[in-house]
Amino acid sequence: MYASSRIDLFADAVLADPYPAYTRLRELGAVVRLDAHGVWALPRHAGVAAALRDPAGYTSERALALTDRINDLVLTDTVVGTDGAAHARLRRVLSRQLAPRAVKSLTAGLHAHARALVDTLPRGEVFDGVADLAAPFVSGTVMRLMGLPDRDRAHLLDLADATFDTFGPDNARTRAAYPRAEEMFAYLDRTATRDRVAPDSWLGAIHAAADRGDIDEAQAVPLMLSYTVAGMDTTIHAITAALHSLAAAPEQWAPVRDRVVPAEAVLAETLRLEAPIQWFGRRTTRDIRIGDTLVPAGDQLLLLYGSAGRDRDKWGPDADTFDLARTDSRDHLALGLGAHQCAGNHLATLELDAVLTALTRRFHTLAPGPDAPTRRPHNILRGWHKLPLTAA
Ligand code: HEM
């Protein structure tokens, strides 16, 4: 016998507020069969961490998304969808650009960019934390680092969001996203060519790796896709989730404003509470016993990062509360762990730091706007679609 549930994690109502479903799954067991999707769920912090620490037992290959179509068409030859030597070869291509020292060298430019955007925000009047701040800041940063033309920013943001949506089960939302994921490949294929991207950009570095023979020519576009998709909405959702929590809790905004709490700590607690990527899949490579259940080799599991961050066994009775005084937020799993741990975590921290620094220099208070923020249901990402705020 094993624990099972009929919860559809991709129903609109569940996506709007997945936390009651996650609580139920954590209560049911360390691993739960999801009848609606024909896969297992790992809802607890300990189970997700154990799977991430064992990439030999839990492969990412043909395992990340819920349909074969996307595992084969979109994820083949991506950093996130390969393992072992193939993964190391792909990950190495941009490791220098994303290392702490290289990211640190971007500090002045990113802070200036954030300051310029924050200077346009109206004092004491409503602005949208997504459209007026986080989205232009993050997408502008990524486009510049990639070496892509800024005029394509909004188009690429849309394509990146859709590409993530295709990771879902074979439902209407997934199918609606297919054409835009295909357009993402087509866009990179026709726009990110050798003659068009700057040689010192990320995409220039990917072409150089192909020219040296470090990667195959056919791997260049999937590798570009890895970074274009991974670096956009994830960070926009992280920044806006942080702003939402801080605006709702003036006593937590104050130490951030006074630079007592660093951006790194704000990011960790934000990601624990609201993982921008709610789950990724894995597949067992051997029979694995999880609690009392034997999961057979070849089965697929969803690693529920969003649920792991709310697990009371790990975080205590206040797991659902944003609390910058926590000392253990860094144990969150929302950036993954081990071999596939997020390659962009230093950049994401710097981006949040730039936004918070710019906001706290100009404004003393941050508060929710008069209208409630809104979300759009998404198969894998969780974040604000519109986030009305005021600052003075
Ligand atoms: C706060 C924002 C971000 C979040 C929440 C996030 C989340 C994640 C997660 C959960 C993984 C692990 C995948 C797995 O376990 O299979 C990951 C991997 C990855 N992330 Fe991020 N990410 C963020 C920002 C970024 C940025 C800014 C970039 C762009 C440079 C980026 C690039 C990547 C790449 C390339 C991988 C694959 C690493 C590998 O498989 O070796 N991420 N990210």
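The open sheet I want to begin with has six strands in the order β1-β2-β3-β9-β6-β4, with mixed pairing, where two strands count as paired if DSSP finds at least two bridges between them, and where strands (E, at least two residues) and helices (H or I, at least four residues) are DSSP runs numbered from the N terminus. At the edges stand β1 (4-5) and β4 (58-59), each with a single partner strand, so one side of each is left without a neighbour in the sheet.

Before going further, I should say that this is a predicted model, in which local features need pLDDT of at least 70 and side-chain atom pairs count only at pLDDT 80 or more, while totals for chains, interfaces and linings use all residues. Residues are numbered from 1 along each chain as its sequence is written, and side-chain values use heavy atoms, with hydrogens and water left out.

Coming in from the β4 edge, β4 is joined to strand β6 (residues 280-284) by two bridges and runs antiparallel to β6, with Thr-284 of β6 as the bridge partner of Tyr-58. β6 is in turn joined to β9 by four bridges, again antiparallel, whereas strand β3 (residues 39-42) runs parallel to β9 and is joined to β9 by three bridges. Leu-302 in β9 has Gly-281 opposite, and Ala-41 also stands opposite Leu-302. In β9 (residues 300-303), Gln-300 and Leu-302 point one way and Leu-301 and Leu-303 the other, and all are buried, meaning under 20% relative accessible area with a 1.4 Å probe and protein chains only.

Let me turn to strand β11 (residues 388-391), where Pro-388 and Thr-390 point one way, Leu-389 and Ala-391 point the other way, and all are buried. Strand β10 (residues 366-368) pairs with β11 in the antiparallel sense over three bridges, with Ala-367 opposite Thr-390. Strand β5 (residues 127-128) is also antiparallel to β11, joined by two bridges, and Asp-128 has Pro-388 as its bridge partner.

As for helices, α8 (residues 107-119) and α9 (residues 129-146) pack at an angle of about 150° with their axes 10 Å apart, the axes being lines fitted to C-alpha atoms over the stretch in contact and the angles running from 0 to 180 degrees between N-to-C directions.

Finally, which protein atom is the single donor to the iron atom of the ligand? That donor is SG of Cys-342, 2.3 Å away, donors being N, O and S atoms within 2.8 Å of the metal (3.2 Å for Na, K and Ca), and since water is not among the atoms, sites may look incomplete. Cys-342 lies in the loop between α18 (312-315) and α19 (345-362).

Methods. Buried < 20%, exposed > 50% of the residue type's maximum accessible area, 1.4 Å probe, protein only.
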